[in-house]
Amino acid sequence: MINAVGRDIPEEILKITGKEPFMGIHHFDGSVYKKDGPYTKCVINSEGSKMVDSIHDCLVKCGIRDGMTLGFHHHFREGDYVVNMVMEEIHNMGIKDITICASSLGKAHDKLVEYIEDGTITGIQSSGVRGKIGRAISEGKLKGLAIMRSHGGRVRAIETGEVRIDIAFIGAPTCDDYGNCRGIGGKSDCGVLSYSMVDADYADKVVAITDCLVPFPNFPAHISMTKVDYVVVVDEIGNPEKIATGAAKPTTDMRKLMMADYCTEFVVNTPYFKDGFSYQTGVGGASIASTISLAKIMKERNVRMRFGVGGLTKPMCDLLENGQVDALLDTQDFDLDAVESVINPKHFRISAGEYADPFNKGAVVNKLDFVILAALEVDVNFNCNVVVGSDGMITGAQGGHPDTAAGAKCTIVITPLLQGRIPAVCTDVTTVTTPGESIDVVITDYGIAINPNRQDLIQCMKDVDLPFKTIEDLRDIAYSITGKPEKVQFDDKVVGIIESRDGTVMDVVRKIKEFQFTGE
Amino acid sequence: MNPNKKRLRRTMMFLNAQKPGLIKDPYIYKPDSIMLDLEDAVAENQKDAARFSLYHALQEIDYRGCERVVRINGLDTPYWKEDIRCAVAGGCDAIRIPKTERPEDIKAVEAEIQIAEEDFGIPQGRTLIMAAIESARGVVKALDVCEASDRLFGIALSGGDYTKDLQTYITGTGVELMGARQNLIIAARAAKIQCFDTVYTDLNDMEGFRRDVETIHLMGFDGKSIINPRQIPIVHDIFTPAQKNIIFAEKVVMEIEDKREKGIGVFIVDGKMIDIAFYDGAKRTIELAKASGVYKGGL
């Protein structure tokens, strides 16, 4: 069946998953549903302890068995030890058929490939996967279907009961013996625990794993004791050097600086750039550079930001320090400056649900004026791909891309026209992850294209001195340099689905096929 | 005369001819010229590989109006003749000669270019020459060098080697370069060719770079060699004429053309005495304004 972004979703996949094809970003607006709820054990006896000696004992107490679904967060990013630690124990216990439902997985989890190959893990649900897991899925090694869903989409899937998490594991930088968890105060600080909040609310069993046990009460708690069944202390929950690195030096790459300048010039010429505007940006060099150049113009023109959202980095926290923004709303911290900023009273921790869930009564993304995003590929219909590389291999994550794009009044994607030798602007993206209807502007080093659906933006840019082009022009320039790329060759087998934030199917990912020359 | 001889050359960006990532699309930064280097940036045992990549880049890449200059190896090496053949066959716009000290150097290169143009079917005279002056002797002989060939569009100071020869070093103040800069700009203007200043290598000191460019702009240089695209907007900004100068230049050009028809040689524009000697300078201001995207008039 062809969905609203023109992708052919096999009937068989719709049947297996019970899902519908994507029907547009606002299709479910106003619909009503009843939320799912977890089993909760009543703890009335004040003599009991939540402390458990080992992950193994904890798994036994939680009743681990074949076929369970386990929840994990990715606040420790490439420094995470928790997922591997738990899965190694499960593997040693001979448990099979586990589904991992993580907010994201990365290269830190390459070890899981062994467990995929031996059937310990048969299902993966994540914002995306990088490294060897991505390759293993693309090569068809995962028994079940991989499901890639956005941060908001994950909360929706859990709250609607589409996914039931049997046991959630929360890596906690600090925790007390009764389960009050915080993202700060320990040796592996990640700042916030936003992605875990839905796990704590909806998983049947919740386990806090920490390497820094602190006296009760660990307040104000980021995850409350009222939701935690067990607490385990281990030597290390992560590698601090990879969890929160020092702030990246502002880029000196002229190409990125140029795109950042285009972006800032665009932003300040929209009607949304006025006192009280809101803004979110990613962690790429050009995005960070555009925050820095925007801060300069805000100062010159005496314009204040009402709130900034993130995925936060130093330049956003600098805005708070300099009094240029009233509040930061934080779901994740990418550097030490952002982690340290969490104690600022105007730096607010929010849950992934508050941030981006499309199936609650209104999330922060709906209040965004601007979001600045990146993409692996953008096509002439403005559809973006942020998960599957142009070589067909799963190599990225949706993160909050589709959520913020759908919510923001002005969604800007920055990408160099060529990623190495591969055109980033193309006729058809390899895989659609964010629909073109939610992308307003594409900024490249060769020019800027405004989505023709946004005639209002086209109008207000008509006297602005920026290199405007059509998206087709950008594609043609790219192809004139690289030649028209041959399509990636896929097998018929579907190995994963790209789930829209509302739970419908945006696209499917097929098994990669070894390249064979087809030309004459 | 080759019409490109007098083209605008505010910025000439050095790029290692062997690095695909550098030479694939430098035009996006809008330098007036790029200088594809076969000399110092390329290791001894990589000269042939660099020529290969240079030839294909010149043949395949549309540099979108950006002038393509090739820096060949020194005339005291075994490489320079093959460098010229490769660059000319590829269709480069100009050859830059390093370490030029004598008019004979220019003539030797000119002769090789001529042979290459014949061999590869390139129109005679299409390939221009520029000479880098890198020694005390070169500075002293500058005028002879400037007048050695019709193909020569300009000379450039190469400060690193020059200061070594002078037994000093780059101080950042410009004091060690004063004599050479003066000598070269005077020689170039006497020969009616262009003159370019040396690179500024401290990329962390953009303020120092700006001061350096302001100095050479006031001295009369046509442009500056650059090593990083971040330097381009600064040079172009400094070389962009002020609005009042553009308006004045416009009046001067129009008045001179008008008065010439009426047989009037000397007249007043905005209270200043003007004659034909002002024409070229005013035209140049208009050209610079056009290139900088700030001229909206009809000239």
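**Helices, sheet and domains in a predicted two-chain model**

Reader: Are H10(A) and H11(A) roughly parallel or antiparallel to each other?

Author: H10(A) and H11(A) count as neighbours whose directions nearly agree, because angles under 35 degrees are called roughly parallel, and in this predicted model the axes of helix H10 (residues 285–301) and helix H11 (residues 314–321) of chain A cross at roughly 20°. The same two axes come within 9 Å. The two helices of chain A, H10(A) and H11(A), are therefore roughly parallel to each other.

Reader: How many nonpolar residues does the contact of H10(A) with H11(A) have?

Author: From H10(A) come A:Ile288, A:Thr291, A:Ile292 and A:Ala295, and these meet A:Pro315, A:Met316 and A:Leu319 in H11(A). Sorted by class, this contact has 1 polar residue and no charged residues, and the number of nonpolar residues is 6.

Reader: Which strands of the open sheet of chain A stand at the edges?

Author: The order of this open sheet of 8 strands is S14-S13-S12-S11-S15-S18-S22-S23 (chain A), and its pairing is mixed. An edge strand has a single partner strand, so one side of it is left without a neighbour in the sheet, and this is the case for strand S14 (347–349) and strand S23 (447–450) of chain A.

Reader: By how many degrees are neighbouring strands of this sheet turned against each other on average?

Author: This value concerns the sheet with the order S14-S13-S12-S11-S15-S18-S22-S23 (chain A). With direction ignored, the average turn between its neighbouring strands is 20°.

Reader: What is the bridge partner of A:Leu328 in S14(A)?

Author: Strand S13 (residues 325–333) of chain A pairs with S14(A) in the parallel sense, over 3 bridges. One residue pair can be named here, since we are told the partner of A:Leu328 in S14(A), and that partner is A:His347.

Reader: Which strands of chain A does H11(A) touch as it packs on the sheet?

Author: H11(A), already seen beside H10(A), also packs on the sheet, and its direction makes about 150° with that of S12(A). The strands that it touches are strand S12 (305–312), S13 and S14 of chain A.

Reader: At about what angle does helix H9 of chain A run to S22(A)?

Author: Helix H9 (residues 254–268) of chain A lies across four strands of chain A, namely strand S15 (370–373), strand S18 (410–414), strand S22 (441–444) and S23. Its angle to S22(A) is about 150°.

Reader: How many bridges join strand S9 of chain A to S10(A)?

Author: S10(A), which covers residues 230–233, is joined to strand S1 (residues 51–52) of chain A by 2 bridges in a parallel arrangement, with A:Met51 having A:Val231 as its bridge partner. Strand S9 (residues 205–210) of chain A also runs parallel to S10(A), and A:Thr210 stands opposite A:Val233. The number of bridges that join S9 to S10(A) is 4.

Reader: Is the peptide bond from A:Phe216 to A:Pro217 cis or trans?

Author: Most peptide bonds are trans. The loop between S9 and S10 of chain A holds A:Pro217 and also A:Pro220, and the bond that joins A:Phe219 and A:Pro220 is cis, with omega of about -10°. For the bond from A:Phe216 to A:Pro217, omega is near 0°, and the bond is cis.

Reader: Where is the place of A:Arg77 in chain A?

Author: A:Arg77 is not a glycine, and yet it has a positive phi of about 45°. Its place is in the loop between strand S2 (69–72) and helix H3 (82–92) of chain A.

Reader: From which helix comes the largest share of the side of domain 1 of chain A that touches domain 2 of chain A?

Author: Chain A is divided into domain 1 (50–243) and domain 2 (254–488), and 32 residues of domain 1 are in contact with 31 residues of domain 2. The elements giving two or more residues to the domain 1 side are helix H5 (131–138), helix H6 (151–159) and helix H7 (197–202) of chain A. The largest share, 6 residues, comes from H6(A).

Reader: How many Å apart do the C-alpha centres of domain 1 and domain 2 of chain B lie?

Author: The domain assignment of chain B gives domain 1 (3–239) and domain 2 (243–291). The distance between their C-alpha centres is 32 Å.

Reader: What is the largest C-alpha distance in the "binding site" of chain B?

Author: The unreviewed UniProt entry places this feature at B:Arg71 and B:Glu134, and B:Arg71 lies in strand S3 (residues 67–71) of chain B. Although the positions are spread over 64 residues of sequence, they cluster in space, with a largest C-alpha distance of 13.7 Å.

Key. Residues are numbered from 1 along each chain as its sequence is written. Chains are lettered from A and ligands numbered from 1 in the order in which they are written. This is a predicted model: local features need pLDDT of at least 70, side-chain atom pairs count only at pLDDT 80 or more; totals for chains, interfaces and linings use all residues. Domain bounds come from an automatic or database domain assignment. Two strands pair if DSSP finds at least two bridges between them. Axes are lines fitted to C-alpha atoms, for helices over the stretch in contact, and angles run from 0 to 180 degrees between N-to-C directions. Angles under 35 degrees count as roughly parallel, over 145 as roughly antiparallel, 65 to 115 as roughly perpendicular and the rest as oblique. Two residues are in contact if their C-beta atoms, placed from the backbone, lie within 7 Å. Ala, Val, Leu, Ile, Met, Phe, Trp, Tyr, Cys and Pro count as nonpolar, Asp, Glu, Lys and Arg as charged, and the others, Gly among them, as polar. UniProt positions are given in the numbering used here, feature names are shortened, and annotations may be inferred rather than shown by experiment.
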